[in-house]
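Subject: the structure I promised you

Hi,

Here is the structure we talked about, ready for you to open. Have a look around first, then read on for what turned up.

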Amino acid sequence: MAATILVVDDDPHIREVICFALEKAGMRVVVAEDGSQVLTIMAAQTPDLIVLDIGMPEMDGLETCRRIRKTSEVPILFLSARDEEIDRVLGLEIGGDDYVTKPFSPRELVARVNVILKRLRPKEAEPSNGLTHGELSLDLASHRATFHGSALSLTALEFSILECFTARPNQVFTREQILASAYNNAINVSDRTIDSHIRNIRAKLALAGGGGCIETVHGIGFRLGPCQAS
């Protein structure tokens, strides 16, 4: 079944370019002109991914993302005319999965959409179809994670990072290794971006009682700790 992509931009020309590229790639497209329309659409259906412009009037893309994240973990790819690192980090910190700056290549946009969608597909796994370390459990088929029995509300990228750690719990991962494994070597991903996602995962684990689950190995990177409830 074709993936459904919600395209949100107040510029009709940009919407047309994006929709043409996505439909040519075999995807189904739904469009919205502003944040209010997005929330109305989300109340009636759940797309597989949202391409969301940041610079919209009234309710901008960042505020729209914040409201979406109150009820949904649908992947979000931000579009922005600004290329400041602080904007990219902020977008990712509030729940975005990727960030593309304007002007952009439609082919690159489609490629990034496909990378995100690929993370959501069930993966080949061990017969148990899951990974466990201490009180942390990941179900690879359903893309769900729990800690001490509590569900973790992870984005697709956060799940991929945690899967990377849990598959090799004794390994210390450099940021470059995380980039290669969880991000599929995506371009324009900085150390600060990776740190932002690690910080988000830690916060969600902490809410479930696993605040010390991901350890920092200074000068190298990150690894899983014992993952026991505090």
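Strands S3 (residues 49-53) and S4 run parallel and are joined by four bridges. This is a predicted model, by the way, so please keep that in mind while you click through it.

To see how S3 and S4 line up, find Leu52, which sits opposite Phe78 in S4. Another pair to look for is Ile50, whose bridge partner in S4 is Ile76. Between the two strands the chain travels through helix H3 (residues 61-68), and this β-α-β crossover from S3 to S4 is right-handed.

Each of the two strands has a further partner. S3 also pairs with strand S1 (residues 4-8), in the parallel sense and over four bridges; there, Leu6 stands opposite Ile50. On S4, four bridges lead to strand S5 (residues 98-101), again with the strands running parallel. Asp98 in S5 is the bridge partner of Leu77.

Are the residues of S4 buried or exposed? Five of the five residues in S4 (residues 76-80) are buried. That covers both faces: Ile76, Phe78 and Ser80 on one side, Leu77 and Leu79 on the other. For S3, too, five of five residues are buried. Leu49, Val51 and Asp53 are on one side of S3, with Ile50 and Leu52 on the other, and both of these faces are covered.

Now move along the chain to another sheet. This one is open and has four strands in the order S6-S7-S8-S9, with antiparallel pairing. Its edge strands are S6 (130-133) and S9 (150-152), each of which pairs on one side only. On average, neighbouring strands here are turned by 20° against each other, ignoring direction. In the middle of that order, S7 and S8 are held by four bridges in the antiparallel sense, and Leu136 stands opposite Phe147 in S8. Helix H6 lies across S6, S7, S8 and S9, at about 115° to S7.

Which residues touch the most other members of the largest nonpolar core? That core has 29 residues, and the ones to click on are Leu136, Leu152, Ile161, Phe165, Ile178 and Ile214. Two or more residues each come from strands S7 (136-139), S8 (144-147) and S12 (221-224), and from helices H6 (156-167), H7 (175-182) and H8 (191-207). H6 gives the most, with six residues. There is also another core, lying apart from this one, with 21 residues that include Ile5, Val29, Val51 and Val113.

Leu152 is a good residue to zoom in on. Beyond its neighbours within four places in sequence, Leu152 is in contact with Leu136, Ala145, Thr146, Phe147, Leu162, Lys204, Leu205 and Ala208.

One last stop is Pro169, in the loop between H6 and strand S10 (173-174). Why does Pro169 count as partly exposed? Because its relative accessibility is 22%, and the buried class takes in values under 20%. Not counting residues up to four places away in sequence, Pro169 touches His133 and Leu224. Leu224 is 55 residues away along the chain, yet the C-alpha atoms of Pro169 and Leu224 are separated by 5.6 Å.

Shout if you get lost anywhere!

Cheers

Key. Residues are numbered from 1 along each chain as its sequence is written. This is a predicted model: local features need pLDDT of at least 70, side-chain atom pairs count only at pLDDT 80 or more; totals for chains, interfaces and linings use all residues. Side-chain values use heavy atoms; hydrogens and water are left out. A nonpolar core is a set of buried Ala, Val, Leu, Ile, Met, Phe, Trp, Tyr and Cys residues joined through side-chain atoms within 4.5 Å. Buried means under 20% relative accessible area, exposed over 50%, partly exposed in between (1.4 Å probe, protein chains only). Contact means heavy atoms within 4.5 Å. Two strands pair if DSSP finds at least two bridges between them. A crossover is right-handed if, with the strands pointing away from the viewer, the path from the first strand over the helix to the second runs clockwise. Axes are lines fitted to C-alpha atoms, for helices over the stretch in contact, and angles run from 0 to 180 degrees between N-to-C directions.
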